[in-house]
Amino acid sequence: INWSQQPEAFGKTVELKENTLKVIALEASKRAHNNWVNTMVNEGWRYGQRVNKIDRTSPLCVSWENLAETYRKNEYRRMLGLITVLNEMGMSIVKKD
């Protein structure tokens with residue numbers, strides 16, 4: 001996803017339907033979480049039933065598919081909220097060619 005404030009002359013503006021925004025929010029949530037996990041693992045973190053900063057364990061250090069539904073819903077709502085706020089600010093989502 002490429003966020004843009006470019007004038008309309010630079011690209012075709014398409015009004016996204018609510019369902020399309022939900023699909024984008026879900027995909028962005030998945031990617032953001034998996035990127036976060038990769039960063040954490042590279043810093044020495046791993047899966048654990050509890051967050052432990054000394055042992056570097058977290059129950060969130062799993063792929064999106066293995067993430068508890070509660071966390072997935074929270075991430076999705078957060079991303080959908082971000083997209084909504086950006087839209088209200090006049091920003092748009094531009095797909096890279």
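This report describes the fold, the confidence and some selected residues of a predicted protein model.

The model is predicted, and for that reason local features need a pLDDT of at least 70 and side-chain atom pairs count only at pLDDT 80 or more, while totals for chains, interfaces and linings use all residues. Residues are numbered from 1 along each chain as its sequence is written, and side-chain values use heavy atoms, with hydrogens and water left out.

**Confidence**

The predictor's confidence in each residue is called pLDDT and runs from 0 to 100. The protein has a mean pLDDT of 84, and 82% of its residues reach 70 or more. Over residues 1-14, however, pLDDT stays under 50, and for this stretch the model has 16 contacts beyond four places in sequence, a contact being heavy atoms within 4.5 Å. Where pLDDT is low, the predicted coordinates should not be read in detail.

**Overall fold**

Helices (H or I, at least four residues) and strands (E, at least two) are DSSP runs, numbered from the N terminus. The protein has two helices and four strands, and from the N terminus on these elements run β-α-β-β-α-β. Among contacts with a separation of 6 or more, 54% join residues 24 or more positions apart. The accessible surface comes to about 7700 Å², of which 50% belongs to carbon and sulfur atoms; such areas come from the Shrake-Rupley method with a 1.4 Å probe, and for residues only the protein chains shown count as cover. Of the 97 residues, 20% count as buried, where buried means under 20% relative accessible area, exposed over 50%, and partly exposed in between (1.4 Å probe, protein chains only).

**Helix H1 and the core**

Helix H1, residues 18-42, has 25 residues and reaches 36 Å from its first C-alpha to its last, close to the 36 Å expected at 1.5 Å a residue; the expected span is 1.5 Å times one less than the number of residues. The buried residues in H1 are Ile24, Ala25, Ala28, Ser29, His33, Val37 and Met40, and what covers them includes helix H2 (69-88) and strand S4 (92-94). Just after H1, glycine 44 takes a positive phi of about 95°.

A nonpolar core is a set of buried Ala, Val, Leu, Ile, Met, Phe, Trp, Tyr and Cys residues joined through side-chain atoms within 4.5 Å. The largest one has five residues, namely Ile24, Ala25, Ala28, Met79 and Ile83. H1 and H2 each supply at least two residues of this core, and the largest share, three residues, comes from H1. In soluble globular proteins, nonpolar side chains tend to be buried together.

**Three residues in their settings**

The table sets out where three residues lie and how they are covered.

| Residue | Place | Relative accessible area |
|---|---|---|
| Serine 58 | strand S3 (residues 57-58) | 5%, buried |
| Arginine 56 | loop between strand S2 (46-47) and S3 | 36%, partly exposed |
| Asparagine 38 | helix H1 | 47%, partly exposed |

Serine 58 touches Trp36, Trp45, Arg46, Tyr47, Gly48, Arg50 and Val51, not counting residues up to four places away in sequence. A polar atom of the serine 58 side chain lies 3.1 Å from the backbone nitrogen of leucine 60. Arginine 56 has a positive phi of about 55° although it is not a glycine. Asparagine 38, finally, is 24 residues from valine 62 in sequence, and the two are 9.4 Å apart in space, C-alpha to C-alpha.

Conventions:
A polar contact is a pair of N or O atoms within 3.5 Å; within protein, one must be able to donate a hydrogen and the other to accept it, and residues adjacent in sequence count only if both atoms are side-chain atoms.
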